[in-house]
Amino acid sequence: MIKKLLKRFNIDSFSQFVQINLVFAITGSLSVVFSGLLMDFFHINDQQFSPLVYWPIRIIFVFFCYQVLLLLVAIPFGQFRYFLDAQKRVLRKLGLKLE
């Protein structure tokens, strides 16, 4: 089962699998923290805005922070190329043309 999973995600070894999961875990936590800091920087908080406005803005901030942080966190783990290729595939599926 592990071999199928590794093959499905183009992963060479179990240690790379662990590294990739660590990158995902760290990036998820950091993106929530950094998006909160950005929202504070732009003075966007739940006291000033309706929840119907605040939460969609917060989700957008988390999404963009996640995309940037994913590549930055991947660097120390040596997985930058893996995540760059994965993000390119996702952007192509969304209809964006890349080189």
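Here are some friendly notes on this predicted model, point by point.

1. **The core.** A good place to start is the largest nonpolar core, which has 12 residues. Its members are L6, I11, F17, I20, V23, L70, L71, V73, A74, Y82, F83 and L84. Three helices, α2 (14-41), α3 (51-77) and α4 (80-93), each supply at least two residues of this core. The largest share, 4 residues, comes from α3. As general background, nonpolar side chains in soluble globular proteins tend to be buried together.

2. **Y82, a core member with contacts far off in sequence.** Y82 belongs to that largest core. If you leave out residues up to four places away in sequence, Y82 touches F9, N10, I11, Q16 and I20. Two of these partners, I11 and I20, are also listed in the core.

3. **How α2 meets α3.** The axes of these two helices come within 7 Å, and they cross at roughly 135 degrees. Angles over 145 degrees would count as roughly antiparallel, so α2 and α3 are classed as oblique to each other. Their crossing is right-handed. Sorted by class, the contact of α2 with α3 has 20 nonpolar, 6 polar and 1 charged residues.

4. **How α3 meets α4.** Here the axes come within 8 Å and cross at roughly 155 degrees. That angle makes α3 roughly antiparallel to α4. On the α3 side the contact is made by Q67, L70, L71, A74 and I75, and on the α4 side by F80, F83, L84 and Q87. These residues divide into 7 nonpolar, 2 polar and no charged. Several of them also appear in the largest core, including L70, L71, A74, F83 and L84.

5. **V23, if you want one residue to click on.** V23 is found in helix α2 and is one of the residues of the largest core. With a relative accessible area of 0%, V23 is buried, the cut-off being under 20%. Leaving aside neighbours within four places in sequence, V23 is in contact with L70, V73, A74, F77 and F83. V23 and F80 are 57 residues apart in sequence, yet their C-alpha atoms are 10 Å apart in space.

6. **F24, next along the chain.** F24 also lies in helix α2. Is F24 buried, exposed or partly exposed? Its relative accessible area is 36%, so F24 counts as partly exposed. Not counting residues up to four places away in sequence, F24 touches Y66, L70 and F83. L70 and F83 are also on the list of contacts for V23. From F24 to V73 there are 49 residues in sequence and 8.7 Å in space, C-alpha to C-alpha.

7. **Two loop residues to look at in a Ramachandran plot.** Which residue in the loop between α1 (2-8) and α2 has a positive phi? That residue is N10, whose phi is near 55 degrees, although N10 is not a glycine. At 58% relative accessibility, N10 counts as exposed, and N10 is one of the residues touched by Y82. H43 has a positive phi as well, of about 55 degrees, and is likewise not a glycine. H43 sits in the loop between α2 and α3, and its relative accessibility of 59% makes it exposed.

How values were computed:
Residues are numbered from 1 along each chain as its sequence is written. This is a predicted model: local features need pLDDT of at least 70, side-chain atom pairs count only at pLDDT 80 or more; totals for chains, interfaces and linings use all residues. Side-chain values use heavy atoms; hydrogens and water are left out. A nonpolar core is a set of buried Ala, Val, Leu, Ile, Met, Phe, Trp, Tyr and Cys residues joined through side-chain atoms within 4.5 Å. Buried means under 20% relative accessible area, exposed over 50%, partly exposed in between (1.4 Å probe, protein chains only). Contact means heavy atoms within 4.5 Å. Axes are lines fitted to C-alpha atoms, for helices over the stretch in contact, and angles run from 0 to 180 degrees between N-to-C directions. Angles under 35 degrees count as roughly parallel, over 145 as roughly antiparallel, 65 to 115 as roughly perpendicular and the rest as oblique. A crossing is left-handed if the near helix is turned anticlockwise from the far one by less than a right angle, and right-handed if clockwise. Ala, Val, Leu, Ile, Met, Phe, Trp, Tyr, Cys and Pro count as nonpolar, Asp, Glu, Lys and Arg as charged, and the others, Gly among them, as polar.
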